[in-house]
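Me: I'd like a close look at one part of this model. Please take me through the second largest pocket and the salt bridges that involve its lining.

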Amino acid sequence: VTGVQTCALPILENLISFDNRVFLQLNGSDSLFWDSYMWYVTKTVTWIPLLCVLLLIVVKNSQWQRTLLFVAGLGLTILLADRLSSGLIKPLVHRWRPTHDVAFLHTIDTVFGYTGGRFGFVSSHAANTFALFTFVSMFLRNRLVALCLLLWALLSSYSRVYLGVHYPGDILCGAVLGILVGLIVYAIYSYASRLLSLGRPYYSTAYTSSGFLISDMHMLAFALFATYSLLFIFSAFMAL
């Protein structure tokens, strides 16, 4: 055991050192525009309209049992990803956020004085967004929506590094955790769907394989694009 620990420690130290160097390259900027943009990208409230559009699409294309099962799955996805990251892993690992690490305290860029909590491994934002990306993408079965949600998860996760409250390693491990949670919850959803006999009837090419109108998938992608566009305009105004 001692020999394994002796070999593992230098590897761990090298990984942490590399993580720190990458963080310093990705953290912050001298741009008021990007400060504002990333500040609102990271806010949960920004994405409430997108969630409402998603729920409307599910209600429109599903019977009430399937809608309730989806909402339950969505809630379970967020609950598991958040509790495993914030409630279990962070208190166990105790890795300081960059904003609370004495080695970086005065060298990093922060926005609006935001520092977050004490511990950052793993990132709850990354875990939550990648869990939602995985669960919703598997539920809707549309490549365009899956790509849009992946970009959303990536940008939301990167915003945490930009704001100085997470290392890239926090994000990467949080994303892996989130994907695993999304897969597990979707497996539970699929099992419950079979128990309730919520089978999929035959649909034409106007629908996804899971029974959602392709036009509605385009509407969801447009809602995401519109949100980013509004953030862009608002951030440009704030930077004036």
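Reply: What follows covers the pocket first, then the charged side chains.

This is a predicted model, where local features need pLDDT of at least 70, side-chain atom pairs need 80 or more, and totals for linings use all residues. Residues count from 1 along each chain, and side-chain values use heavy atoms, without hydrogens or water.

Start with the space itself. The second largest pocket (an open set of points on a 1 Å grid where a 1.4 Å probe fits, with protein on both sides within 12 Å along at least five of seven lines) has a volume of about 320 Å³. That volume is the space filled by probe spheres set on the points. Thirteen residues line this pocket (each has an atom within 4 Å of a point). L15, D19, R95, F121 and G169 are the closest to its centre.

Now the helices (DSSP runs of H or I, at least four residues). Two of them, α1 (2–26) and α7 (168–195), each give two or more residues to the lining. Helix α1 gives the largest share, six residues. By class, the lining has ten nonpolar residues, one polar and two charged (Asp, Glu, Lys and Arg count as charged).

Next, the charges. Side chains of opposite charge can pair when their charged atoms come close. The structure holds four salt bridges (a side-chain nitrogen of Lys or Arg within 4 Å of a carboxyl oxygen of Asp or Glu). One of them joins R95 to D19, with N and O 2.9 Å apart. R95 sits in the loop between α4 and α5, while D19 sits in helix α1, so this pair ties together parts 76 residues apart in sequence.

R95 has another partner. Its side chain also meets that of D170 in a salt bridge, at 3.1 Å from N to O. D170 belongs to helix α7 and R95 to the loop between α4 and α5, so this pair ties together parts 75 residues apart in sequence. Put the pairs together: D19, R95 and D170 are linked in a network of salt bridges.

Are these three residues buried or exposed? R95 counts as buried because its relative accessibility is 18% (buried means under 20% relative accessible area, with a 1.4 Å probe and protein chains only). D19 is buried too, at 9%. D170 is buried, at 0%.

So here is the picture to look for. R95 and D19 are among the residues closest to the centre of the pocket. R95 pairs with D19 and with D170.

Notes:
Buried means under 20% relative accessible area, exposed over 50%, partly exposed in between (1.4 Å probe, protein chains only).
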